[in-house]
Amino acid sequence: MNERTTRAASEYQAIAVLAICGIPIGIAVGAICALFGRVLLAITDFRDTHPWQLIPFLALAGIVIAWAYRRFGKNTGRGMGLVFDVGHGAEPEIPLRLVPLIMGGTWLTHLFGGSAGREGVAVQIGATLSHWVGRKLSIRDAGNAFLVCGMAAGFAGLFRTPLAACVFALEVLVAGRLEYRALACSLTASFAASMTSGALGLEKFEVPIADVLAITPTSLAQLAVAGVIFGLVGGAFAWCLAAAKRQASRIENPLVRIAIIGVMLSIVLLALWQGRYAGLGTSLISAALAGDGGAGIFVWDWACKFALTVVTLAAGFQGGEVTPLFSIGASLGVALAGVLGLPVELVAALGYAAVFGSATNTLLAPILIGGEVFGFANLPAFFVVCAVGYLVNGNRSIYAGQKCV
């Protein structure tokens with residue numbers, strides 16, 4: 001066997017090993033995501049039927065969260081920032097204690113009405129477990145493969161969109177560069193996690209869009225305008241979140257900070273239609289895509305959800321940004337549909353994907369999100385809108401640790 005053949009055999013063996021390793025990682029992460037997701041949905045339903053009994057105590061829940069992180073968390077309070085630092089080699093490991101802290105903190109945030117997401121939890125859980133496994137196995141030349149495949153598994157396990165999850169994990173660490181070394185294990189981990197969480201009862205959100213938009217010069221112009229608006233809103237969300245965190249940090253004691261902001265949030269959340277903007281924002285997504293022309297959406301819904309999510313996360317409550325970004329984009333799409341002259345549900349779906357892509361500074365993942373959630377018939381429309389949104393977002397990202405090439 002000559003040297004070239006030996007080298008090729010070694011490369012294929014490494015790919016096969018990583019691909020095989022992705023399967024048990026995906027199964028484990030998918031099982032945890034199923035537990036986390038199903039409990040979160042139950043919590044959401046309970047809070048929605050008892051807003052006056054729960055939302056007033058958001059500040060108290062925040063104090064418990066901040067105390068737990070201060071007492072037991074050490075550097076895990078940095079959340080996704082820690083994951084990105086490990087990915088860039090600035091930190092050696094992600095402590096396993098992050099998993100119970102982020103799950104418990106997110107459940108408390110949502111039980112008492114904080115406007116936050118859930119994907120950050122799943123991605124952090126996946127990254128923590130897979131990076132721990134990678135350190136134990138010490139596979140040669142694995143690099144960030146285990147970290148990335150865990151991120152993919154977490155996203156796929158929660159949202160059950162394995163294609164988008166795989167690509168999201170590959171492209172999010174460094175904008176403009178794909179972590180191809182992790183492709184094999186990310187792909188197997190994504191599908192394993194999605195199938196596992198589905199088998200354990202976590203349903204996938206999908207809404208096939210009946211209207212298929214023909215690509216013409218007129219529709220291209222309409223899509224480009226939509227992409228500009230969605231891109232600017234996503235970029236603005238990332239900028240506002242960073243600015244709000246800087247302002248909130250001026251209150252140095254995290255317990256005092258989360259208590260003060262939590263009281264203000266409780267008042268506002270109850271004043272605005274008794275918790276309409278509390279939690280994930282899935283009620284806004286459902287209303288935007290209900291098939292009745294967005295009759296259940298107010299013109300200002302997206303702006304209220306935008307502001308309350310920024311304040312909730314800046315205060316130190318746990319969760320994520322992606323599901324609120326989906327709701328912001330979908331409700332904004334309803335508001336824009338009449339102006340653009342496009343079908344309401346289609347523009348809501350485009351906003352769902354494009355605002356997420358702009359705020360995370362990713363291109364391929366939101367396009368695939370559009371296909372996996374709404375059907376691939378409108379893939380050209382999703383491509384145009386998400387590409388324009390990516391180009392105009394100002395290279396901003398909700399992930400401060402994201403690097404750019």
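**Close-ups of two pockets**

**View 1. Six helices come together around the largest pocket of this predicted model.** Helix 3 (58-73), helix 4 (80-87), helix 6 (119-137), helix 10 (217-248), helix 11 (254-271) and helix 13 (301-315) each put at least two residues into the lining. Helix 10 chips in the largest share, with 7 residues.

**View 2. Here's the middle of the largest pocket, with the residues nearest its centre.** Those are Gly 77, Arg 78, Gly 79, Lys 245 and Leu 313, out of a lining of 39 residues. The volume of this pocket comes to about 1000 Å³.

**View 3. What sort of residues line the largest pocket?** Sorted by class, the lining has 19 nonpolar, 12 polar and 8 charged residues.

**View 4. Now for the second largest pocket, with a volume of about 430 Å³.** Its lining takes in 21 residues, and Leu 41, Arg 118, Glu 203, Phe 205 and Thr 282 sit closest to the centre. By class, the lining of this second largest pocket splits into 11 nonpolar, 6 polar and 4 charged residues.

**View 5. Which helix gives the most to the lining of the second largest pocket?** That's helix 12, with 4 residues. Helix 1 (3-49), helix 7 (145-159), helix 12 (282-288), helix 14 (322-340) and helix 16 (364-374) each supply at least two residues of this lining.

Conventions:
Residues are numbered from 1 along each chain as its sequence is written. This is a predicted model: local features need pLDDT of at least 70, side-chain atom pairs count only at pLDDT 80 or more; totals for chains, interfaces and linings use all residues. Side-chain values use heavy atoms; hydrogens and water are left out. On a 1 Å grid over the protein atoms alone, a cavity is a set of points where a 1.4 Å probe fits but cannot get out, and a pocket is an open set with protein on both sides within 12 Å along at least five of seven lines; lining residues have an atom within 4 Å of a point. Grid points are joined across faces, edges and corners, and a volume is the space filled by probe spheres set on the points. Ala, Val, Leu, Ile, Met, Phe, Trp, Tyr, Cys and Pro count as nonpolar, Asp, Glu, Lys and Arg as charged, and the others, Gly among them, as polar.
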